[in-house]
Amino acid sequence: MLRLMGLPKVARYPEATVTREDERLIIYFGGRFGGRDHEQTMSVPLRYVNVEDLEAAELILIAQLQQTGYRARRAPTDA
């Protein structure tokens, strides 16, 4: 389980999109006002995630965000 701190208010940024990069998970918070100018971004270094399976870490983070009240989803992949 990750300890999530410093998240933006759900009422202002109800949507969270999670993507995985080389050595971190990125969370993009979007909201009621739309547009990139009104987006918050958080980066979680993978060294702080105590999970060997990186896909599992991503899914755990999404589940935790949903439990917190965000409409969380995985970022679309370039297939």
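## The sheet

In this predicted model, four strands form an open sheet in the order β3-β2-β1-β4, and their pairing is mixed. Strands β3 (40-45) and β4 (71-74) lie at the edges, each pairing on one side only. On average, and with direction ignored, neighbouring strands of the sheet are turned by 20° against each other.

Strand β2 (residues 24-30) runs antiparallel to β3, and six bridges join the two. Within this pair, phenylalanine 29 stands opposite glutamine 40 in β3. Helix α1 (residues 54-68) packs on the sheet, where the helix touches β1 (15-21), β2 and β4. The direction of α1 makes about 165° with that of β1.

## Order of elements and overall composition

The chain contains one helix and four strands. Read from the N terminus, these elements follow the sequence β-β-β-α-β.

The chain has 79 residues, of which 30% count as buried. Its exposed surface comes to about 5,700 Å², with carbon and sulfur atoms supplying 46% of that area. Considering contacts between residues at least 6 apart in sequence, 47% join residues at least 24 apart.

## The nonpolar core

The largest nonpolar core consists of 15 residues. Those with the most contacts inside this core are Ala16, Val18, Leu25, Ile27, Phe29, Leu61 and Leu65. Two or more core residues come from each of β1, β2 and α1. Helix α1 provides the largest share, namely four residues.

Leucine 25 illustrates the surroundings of one core residue. Leaving aside residues up to four places away in sequence, leucine 25 touches Thr19, Arg20, Met42, Ser43, Val44, Leu46, Ala57, Glu58 and Leu61.

## Alanine 16

Alanine 16 is located in strand β1. This residue counts as buried because its relative accessibility is 0%, whereas the cut-off for burial is under 20%. Alanine 16 is also among the core residues with the most contacts inside the core.

Residues up to four places away in sequence excluded, alanine 16 touches Ile27, Tyr28, Phe29, Leu65, Tyr70, Arg71, Ala72 and Arg73. One of these contacts, arginine 73, is 57 residues away along the chain, yet the C-alpha atoms of alanine 16 and arginine 73 are separated by 6.4 Å.

Conventions
Residues are numbered from 1 along each chain as its sequence is written. This is a predicted model: local features need pLDDT of at least 70, side-chain atom pairs count only at pLDDT 80 or more; totals for chains, interfaces and linings use all residues. Side-chain values use heavy atoms; hydrogens and water are left out. Buried means under 20% relative accessible area, exposed over 50%, partly exposed in between (1.4 Å probe, protein chains only). Contact means heavy atoms within 4.5 Å. Accessible areas come from the Shrake-Rupley method with a 1.4 Å probe; for residues, only the protein chains shown count as cover. Two strands pair if DSSP finds at least two bridges between them. Axes are lines fitted to C-alpha atoms, for helices over the stretch in contact, and angles run from 0 to 180 degrees between N-to-C directions. A nonpolar core is a set of buried Ala, Val, Leu, Ile, Met, Phe, Trp, Tyr and Cys residues joined through side-chain atoms within 4.5 Å.
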